[in-house]
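Reader: I have a model open on my screen and would like to learn how to read it. Could you walk me through some features?

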Amino acid sequence: MGFKALVLAAGLGTRLLPHTLKTPKCMMKVGNVPIIERWFNMLEKAGCEDVIVNTHHHSQQVEEYVYNRRASNLKISCKYERTLLGTAGTLIYHGDYFLNSTTILIHADNACNIDLNKMIDTHHNRPSECVMTMLTFNPEDPIKCGIIKSDERGVVVEFHEKKINSTGRIANGAVYIIESKLIDYLCKCKKSVKDFSTEVIPCLLNKIYTYHTNEVF
């Protein structure tokens, strides 16, 4: 299938200090491969056509890596953000680019071994009212995660972002497959929102399907 992707790679990496003083977090290596390259490989295998990577912290390093990357079928463009737009703000800013296509939104500082093709197949078989599919996983420390509860069909009915009193054990993996209908809604009605987890997901309860992984995350 053909689809597009937005890879969020602009974060400051404060939780990884001092490692991120000189290296952006998306360029940290897992299995001797930069995390962002792991995502590029998954996207390429899944048939992705176009990718936007937003940059900010150590943007030059990210851009040099992307534009000197081996030749592939991926068309990758880096978009520098002088002022951070936020996870939702970046998607809205590039909304026209992603309209009329299925879009995968990825946080480039997450590393996992998911089969992206299986997640895409799950998304195609989502309930008709769902406009998005969210990757979920079982965290070691739920307090540090956004915790979801789903119904018997796998549709999100509750979401709690990093709350101490949250009792759930299934977490948001911050990989989303999004339909154009949702992007159009955000561009028209939610232009001022910045954060996807705290400002978008709570508005979409009962409209988010889930794909759960037991693989390394």
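Author: We'll go through burial, polar contacts, salt bridges and one helix. Keep in mind that this is a predicted model.

Reader: Let's start with burial. Is Thr 133 buried or exposed?

Author: The cut-off to know is that a residue counts as buried under 20% relative accessible area. Thr 133 has a relative accessible area of 0%, so it is buried. You'll find Thr 133 in strand β7, residues 132-137.

Reader: Which side chain makes a polar contact with the side chain of Thr 133?

Author: That's His 123: the two side chains are joined by a polar contact of 2.7 Å. Leaving aside residues up to four places away in sequence, Thr 133 touches a set of residues that includes Met 119, Arg 126, Val 175, Tyr 209 and Thr 210.

Reader: Thr 210 came up there. Where is Thr 210 found?

Author: Look in strand β11, residues 208-212. Thr 210 counts as buried too, because its relative accessibility is 14%. A polar atom of the Thr 210 side chain lies 2.6 Å from the backbone oxygen of Gly 154. Among the residues that Thr 210 touches, not counting those up to four places away in sequence, are Thr 122, Met 134, Ile 148 and Val 156.

Reader: On to charges. How many salt bridges are there?

Author: The idea is to look for a side-chain nitrogen of Lys or Arg within 4 Å of a carboxyl oxygen of Asp or Glu. By that rule the count is seven. Take Arg 69 and Glu 44, whose closest N and O atoms are 3.6 Å apart. Arg 69 sits in the loop between α2 (59-67) and β5 (75-80) while Glu 44 belongs to helix α1 (residues 35-45), so this pair ties together parts 25 residues apart in sequence.

Reader: Which other residue forms a salt bridge with Glu 44?

Author: Arg 70 does, with the closest N and O atoms 2.9 Å apart. Arg 70 is in the loop between α2 and β5 and Glu 44 is in α1, so here the parts tied together are 26 residues apart in sequence. As for accessibility, Arg 69 is buried at 12%, Glu 44 is partly exposed at 23%, and Arg 70 is partly exposed at 43%.

Reader: What about a salt bridge inside a helix? How far apart are Asp 184 and Lys 188 in sequence?

Author: Start with the general idea: an α-helix has 3.6 residues a turn, so residues three or four places apart point the same way. Asp 184 and Lys 188 are four residues apart in helix α6 (residues 180-189), separated by about one helical turn. Their side chains meet in a salt bridge of 3.3 Å, N to O. Asp 184 is partly exposed at 26% relative accessibility, whereas Lys 188 is exposed at 60%. Elsewhere, salt bridges that share partners join Glu 37, Glu 44, Arg 69 and Arg 70 into one network.

Reader: Staying with α6, which of its residues are buried?

Author: Ser 180, Leu 182, Ile 183, Leu 186 and Cys 187 are. Looking down the axis of α6, the buried residues fall within an arc of 160 degrees, so they line one face of the helix. On the other side of α6, Lys 181, Lys 188 and Cys 189 are exposed.

Reader: And what do the buried residues of α6 pack against?

Author: Their partners are α3 (87-93), α4 (95-98), β6 (103-107), β7, β10 (171-178) and α7 (196-200). β7 is the strand where we began, with Thr 133.

How values were computed. Residues numbered from 1 in each chain as written. Predicted model: local features only at pLDDT ≥ 70, side-chain atom pairs only at ≥ 80, totals over all residues. Heavy atoms only, no water. Helix = DSSP H or I, 4+ residues; strand = E, 2+ residues; numbered from the N terminus. Buried < 20%, exposed > 50% of the residue type's maximum accessible area, 1.4 Å probe, protein only. Polar contact = N/O pair within 3.5 Å; in protein donor to acceptor, adjacent residues only side chain to side chain. Contact = heavy atoms within 4.5 Å. Arc of directions from axis to C-beta.
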